[in-house]
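Biologist: Could you take me through a single helix of this chain with care, and then set that helix in its surroundings? I would like one connected account rather than a list.

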Amino acid sequence: MNKFFALENLLKSGYCIIPRVILDNQQSSCKKIALRADILSYFYQKAYFAKGDVVLDGRIYTCFRGELIVNQQELAAFFKTERRQWNRIMAEFTSENIIRVDRLRGGSRISIVAYDCIVGKKSAQYKQANGGDKAADAAPKAKKPKLGVSVENYYPEHHVKGCYIPPLEIDLSKIPAFQDKLDDKK
């Protein structure tokens, strides 16, 4: 029997990165905020991580990284919204520079703005402007922390404006392996 959550399956399946604010707002008591967070979460889950082809109404479209090609009417029905409400939400996302929408025959190409920055990969424009791949590789690597020692930039994905990571504090007296050493010192 093949287990669904076997480690091999989890490692092969890939991942998607969704900003924490979206995940937090999905649990909001305000239905309007929760709906918008659900829509953005869907976009991040379905966005292509690499270049691929999409068939929509019998036509083949190339979908690039950070894009998804969808039929907006079907999405509005999926999220149980009226067409006006859906159009208003999409206009808000576009005006807030969260997404870009390009019309296609039978659907739309939705591009997530700054997708590469959000998922942590340098865009081609960034690499070109900053000396290519070698410049990115030459950046200093963060060191692994020792037990109980906080190393700055160890978790680079958390270095976001407004994100605070408290220092790690370990009470050695509560760890059985260290209790013997503490008793020997006394």
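Modeller: A residue is called buried here when its relative accessible area is under 20%, and exposed when that area is over 50%. The model is a predicted one, and the part to look at closely is helix H3, which covers residues 31-46. At 1.5 Å a residue, the 16 residues of H3 should span 22 Å, and the C-alpha atoms at its ends do lie 22 Å apart, so the expected and the modelled span agree. Within H3, the buried residues are Ala34, Leu35, Arg36, Ala37, Ile39, Leu40, Ser41, Tyr42, Phe43 and Tyr44.

Turning to the packing, the largest nonpolar core holds 24 residues, and Ile39, Phe43, Trp86 and Phe93 are those with the most contacts inside it. Two or more residues of this core come from each of H3, strand S3 (67-70), helix H4 (72-78), helix H5 (83-95), strand S5 (107-112) and helix H6 (115-119), with H3 giving the largest share, seven residues. If neighbours within four places in sequence are left aside, Ile39 of H3 is in contact with Phe79, Trp86, Ile89 and Phe93. Separate from this is a second core of five residues, among them Val54, Tyr61, Cys63 and Ile69.

The cysteines deserve a word as well. Cys30 counts as partly exposed because its relative accessibility is 33%, whereas Cys117, with a relative accessible area of 66%, is exposed. A search of the whole structure for disulfides finds zero.

Methods
Residues numbered from 1 in each chain as written. Predicted model: local features only at pLDDT ≥ 70, side-chain atom pairs only at ≥ 80, totals over all residues. Heavy atoms only, no water. Helix = DSSP H or I, 4+ residues; strand = E, 2+ residues; numbered from the N terminus. Expected span 1.5 Å × (residues − 1). Buried < 20%, exposed > 50% of the residue type's maximum accessible area, 1.4 Å probe, protein only. Core = buried A, V, L, I, M, F, W, Y, C linked by side-chain atoms within 4.5 Å. Contact = heavy atoms within 4.5 Å. Disulfide = S-S within 2.5 Å.
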